[in-house]
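Here is a short briefing for a first look at a protein fold. Keep the structure open while you read.

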Amino acid sequence: MHSAQRAHLLFTRYVSRGELLRFADPMPSPDARKEPRPRRDWTFGELLDWTRGRFAEVGIDSPRLDAELLLAEAAGCARIDLYLRRDDLVDAAVRNRFRDMVRRRLAREPVAYILGRRDFHALELELYVDANVLVPRPETELLVDWILEDLPADAARPPVVLDVGTGSGAIALAIGRARPDARICGIDPSEAALEVARRNAERLDLHVEFRPGRAADLGRLVQTWAPPDVVAANLPYVASADLEAAAPELSYEPRLALDGGPSGLDVIEELVAAVGHLDPRPDVYLEIGADQADAVTRLLRAAGYAGVDVRPDLAGRSRLVRARRARTRDATGRGSPPAAADEEVEQHRQDDGQEQARRQGDVQGEPVPLEDQIPG
Ligand SMILES: C[S@@+](CC[C@H](N)C(=O)[O-])C[C@H]1O[C@@H](n2cnc3c(N)ncnc32)[C@H](O)[C@@H]1O
């Protein structure tokens with residue numbers, strides 16, 4: 001190719017894309033061999049700006065944060081240092097590492113898998129994560145906060161907590177970090193997820209036990225372990241059909257962690273049925289989909305739970321549920337007389353009947369957007 005033709009090609013390529021000629025593309029396309037060699041004098045600021053723009057163009061939710069996390073990782077520095085180094089040139093090794101990460105992110109792989117870690121619960125825990133576990137979400141931190149608020153500080157015996165569907169161990173380990181006195185076990189049917197959870201317990205030096213098991217195995221597990229005071233669970237709750245249309249990032253996460261069956265409620269129903277058979281019943285804390293609060297409340301009340309409360313997530317959607325079965329005061333110092341509790345359950349059943357009747361007369365509400373049904 002003549003140099004004039006080549007110059008014209010380069011000009012139209014970059015200017016027609018709205019990119020400045022001097023910002024040679026650090027993400028060469030498959031026919032990169034025909035393209036100019038990437039520029040060697042990118043500064044940190046220029047790389048960040050370019051990447052943030054590309055991430056935004058393809059619809060990534062947090063383009064600036066993601067660009068900063070990846071560049072800080074590639075450069076081996078803290079995010080704040082990127083600003084101090086804004087005008088510094090980025091050396092070739094860092095640029096190469098960064099380019100590979102940017103490619104993966106543009107293919108919509110979650111940042112946590114690219115970095116191999118995720119901070120959880122107010123940065124208290126740095127969890128190792130890989131594609132065998134769900135990337136822990138900020139909403140789940142609110143579930144942990146709620147449990148910690150309620151766990152009695154001055155219990156006569158250590159509180160016993162079971163995290164069902166533990167994945168990376170996020171919930172169990174966050175409670176373990178905050179309450180070293182608690183006895184905690186996480187269960188999951190995925191052996192690969194349990195390996196991740198055990199690895200996290202070891203690197204964080206936390207004494208949390210992890211065992212294989214499904215929600216339906218609760219009765220058997222309790223016999224060989226201990227009756228829990230609290231069952232915490234962020235189970236799969238996306239309806240199978242909705243998964244196909246969900247954000248591309250979800251296709252990297254284990255289907256077992258997301259798929260809640262045709263209604264989205266299969267695994268939550270499995271858990272509620274299992275806790276309903278425990279004696280004494282534990283308090284239950286669940287993370288749920290944005291359109292599931294009424295259905296889950298009804299399930300829990302039908303299983304004999306007197307007090308069911310719902311809390312919003314950071315976006316104000318009803319995503320967290322707590323069910324408490326009032327009971328005689330036990331060694332943890334909680335509970336109230338069973339007779340009062342049973343009356344309360346009966347009152348709630350009647351309220352539910354009235355609520356259902358009222359709803360049947362209601363006009364159908366607004367459909368819940370798909371992205372609101374995504375776990376975490
Ligand atoms: C949404 S992920 C949550 C992981 C972790 N608790 C968190 O909050 O990051 C759901 C987890 O439930 C597990 N799971 C799937 N089916 C289950 C079942 N029937 N009983 C118990 N856990 C199940 C999955 O393997 C997955 O690790």
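The points below cover the sheet, the helix pairs, the ligand shell and two backbone details. The model is predicted. Its open sheet has 7 strands. A ligand is surrounded by 24 residues.

**The sheet**
- Start with the strand order, which reads E5-E4-E3-E6-E7-E9-E8.
- The pairing in this open sheet is mixed.
- Which strands stand at the edges? E5 and E8 (307-312) do. Each has a single partner strand, so one side of each has no neighbour in the sheet.
- On average, neighbouring strands are turned by 20 degrees against each other, with direction ignored.
- In a regular strand, side chains alternate between the two faces of the sheet.

**Strands E4 and E5**
- Now look at one end of that order. E4 covers residues 183-188, and E5 covers residues 209-212.
- The two strands run parallel. How many bridges join E4 to E5? There are 4.
- Gly-186 has Phe-210 in E5 as its bridge partner.
- Asp-188 stands opposite Pro-212, which is also in E5.
- Helix H9 (residues 191-204) joins the picture here. E4, H9 and E5 make a β-α-β unit, and this unit is right-handed.

**Two helix pairs**
- The first pair to find is H2 (residues 44-57) and H3 (residues 63-75). Their axes come within 8 Å and cross at roughly 135 degrees.
- That angle makes H2 oblique to H3. The crossing of H2 and H3 is right-handed.
- Another pair is H7 (residues 138-150) and H8. These helices pack at an angle of about 40 degrees, and their axes are 10 Å apart.
- Because of that angle, H7 is oblique to H8. H7 passes H8 in a right-handed crossing.

**Around the ligand**
- Which residues come nearest to the ligand? Of the 24 around it, they are Gly-165, Gly-167, Arg-214, Asn-234 and Ala-257.
- Three helices give two or more residues to the shell: H8 (170-178), H12 (255-258) and H13 (266-276).
- What classes of residue make up the shell around the ligand? It has 14 nonpolar, 7 polar and 3 charged residues.

**Backbone details**
- Find Pro-280 in the loop between H13 and strand E7 (283-287).
- Is the peptide bond from Asp-279 to Pro-280 cis or trans? It is cis, with omega near 0 degrees.
- Then find Arg-108 in the loop between H5 (92-106) and H6 (111-115).
- Arg-108 is not a glycine, yet it has a positive phi of about 75 degrees.

How values were computed: Residues numbered from 1 in each chain as written. Predicted model: local features only at pLDDT ≥ 70, side-chain atom pairs only at ≥ 80, totals over all residues. Near = placed C-beta within 6 Å. Nonpolar A, V, L, I, M, F, W, Y, C, P; charged D, E, K, R; others polar. Pairing = 2+ DSSP bridges. Right-handed = clockwise from strand over helix to strand, strands pointing away. Axes fitted to C-alpha atoms, helices over the stretch in contact; angles between N-to-C directions. Parallel < 35°, antiparallel > 145°, perpendicular 65-115°, else oblique. Left-handed = near helix turned anticlockwise from the far one by under 90°.
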